[in-house]
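Me: I am new to this structure and should like to be guided through it by questions and answers. Please begin with the term that the later answers rely on.

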Amino acid sequence: MPRHLLPVGPATTPAQRGNGTAARQGGAPAAAPVPAREPAPVVEPVPFAGLTLLHAAVRRDLARIPQALRLLQPDDAETAGALKRHWDFVTAMVTCHHEQQDTRLWPVLRRFAPELRLLLNWLESDHHNLDQCFTRTTTLVGIATRDPASAWSVSYAVEELAARVETHLRIEERQLLPRMAGVFQPGSRIGTLPELLDLLRYADGPSASDALVWLLEGVDPAQVDRLLADCDDETVRHWPHWRDTYARCTDRLWGPPGQ
């Protein structure tokens, strides 16, 4: 009878019991099965982390800049210059954020969520109003950092701007972000931290490295590690250097963390 019609046994001889019996009879012990390797889980980017981190960073700085203005001393030109540079950076980040929303995000939402059009039109119009407010306040901050005698009145102007910005951010977070979760599929890069950094790399504005350390300032270290896991290898490799450099530049303004 042909061999292939007979039951086929195992390719190796089962191990025999006893001391060395299998070896003497020419048998070989059965090889232990190798467990199959499970594929590495796919880590999806934290949804809309770029948007929420930027909102938190803007709130944080608009809350502490007024006090930094009030503490300016007439003979401390170095601190005044650092504060002006930081204000200019925050303003540039807000401007880039508004441009990216108006030219990239809002058109997508208008197409796939037409019921949001009226809200998006209002947000875009308010972006223009806020940009003008930032421009006016930038002039005042420039005066205060050159002449600290005017710093108190300018600090009140910054607080008024912060109240306007807070209203805008709350509308985005409460009325828009929940709807965006239903428009974009899980795993989408829209609004994520990697997308924001990529857009900054190609924009004429703040550098991606400065933006990253600014966005992650004060964030829980475990959450920082999770957010960095979404970024490219080069960003992760340079992160410690960027973080330490940023801390040295801003300690003059806010003091070391925890103070």
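Reply: A residue is called buried under 20% relative accessible area, exposed over 50%, and partly exposed in between. The model to which this term is applied here is a predicted one.

Me: Is aspartate 198 buried, partly exposed or exposed?
Reply: The relative accessible area of aspartate 198 is 27%. Partly exposed covers the range between 20% and 50%, so the class of aspartate 198 is partly exposed.

Me: With which residue does aspartate 198 form a salt bridge?
Reply: Side chains of opposite charge can pair when their charged atoms come close. For aspartate 198, the closest N and O atoms of the pair are 2.7 Å apart. The partner has 39% relative accessibility and counts as partly exposed; it is arginine 189. The residue that forms the salt bridge with aspartate 198 is thus arginine 189.

Me: What is the pattern of the chain, read along the sequence?
Reply: The chain contains nine helices and zero strands. Read along the sequence, its pattern is therefore written with helices alone: α-α-α-α-α-α-α-α-α.

Me: What is the mean pLDDT of the chain, and where does pLDDT stay under 50?
Reply: Of the residues in the chain, 82% reach a pLDDT of 70 or more, and the mean is 87. Where pLDDT is low, the predicted coordinates should not be read in detail. The stretch with pLDDT under 50, for which the model has 15 contacts beyond four places in sequence, is residues 1-24.

Me: Are H3 and H7 roughly parallel or roughly perpendicular?
Reply: The axes of H3 and H7 come within 12 Å and cross at roughly 95 degrees. Angles of 65 to 115 degrees count as roughly perpendicular, so H3 is, relative to H7, roughly perpendicular.

Me: Which residues of H7 make the contact between H3 and H7?
Reply: By class, this contact has five nonpolar, one polar and one charged residues. From H3 come His86, Phe89, Val90 and Met93, and from H7 come Asp210, Ala211 and Trp214.

Me: How many of the ten residues of helix H6 are buried?
Reply: Helix H6 spans residues 193-202 and is mostly covered. Its buried residues are Leu193, Pro194, Glu195, Leu196, Leu197, Leu199 and Leu200, and they pack against H2, H3, H7 and H8. The number of buried residues in H6 is seven.

Me: Is glutamine 100 buried or exposed?
Reply: Glutamine 100 lies in helix H3, residues 77-112. Not counting residues up to four places away in sequence, glutamine 100 touches Leu105, Leu196, Leu199 and Leu200. Its relative accessible area is 13%, and a value under 20% means buried, so glutamine 100 is buried.

Me: How many residues apart are arginine 60 and glutamate 217?
Reply: Arginine 60 forms a salt bridge with glutamate 217, the closest N and O atoms being 3.5 Å apart. The pair links distant parts of the chain: arginine 60 is in helix H2, whereas glutamate 217 is in the loop between helix H7 and helix H8, and the separation is 157 residues.

Me: How many salt bridges does the count come to?
Reply: One of the pairs is that of aspartate 244 and arginine 243, with an N to O distance of 3.2 Å. A network of salt bridges links Arg59, Glu166, Arg170 and Glu173. The count of salt bridges comes to 20.

Conventions:
Residues numbered from 1 in each chain as written. Predicted model: local features only at pLDDT ≥ 70, side-chain atom pairs only at ≥ 80, totals over all residues. Heavy atoms only, no water. Salt bridge = Lys/Arg side-chain N within 4 Å of Asp/Glu carboxyl O. Helix = DSSP H or I, 4+ residues; strand = E, 2+ residues; numbered from the N terminus. Buried < 20%, exposed > 50% of the residue type's maximum accessible area, 1.4 Å probe, protein only. pLDDT = per-residue confidence, 0-100. Contact = heavy atoms within 4.5 Å. Axes fitted to C-alpha atoms, helices over the stretch in contact; angles between N-to-C directions. Parallel < 35°, antiparallel > 145°, perpendicular 65-115°, else oblique. Nonpolar A, V, L, I, M, F, W, Y, C, P; charged D, E, K, R; others polar.
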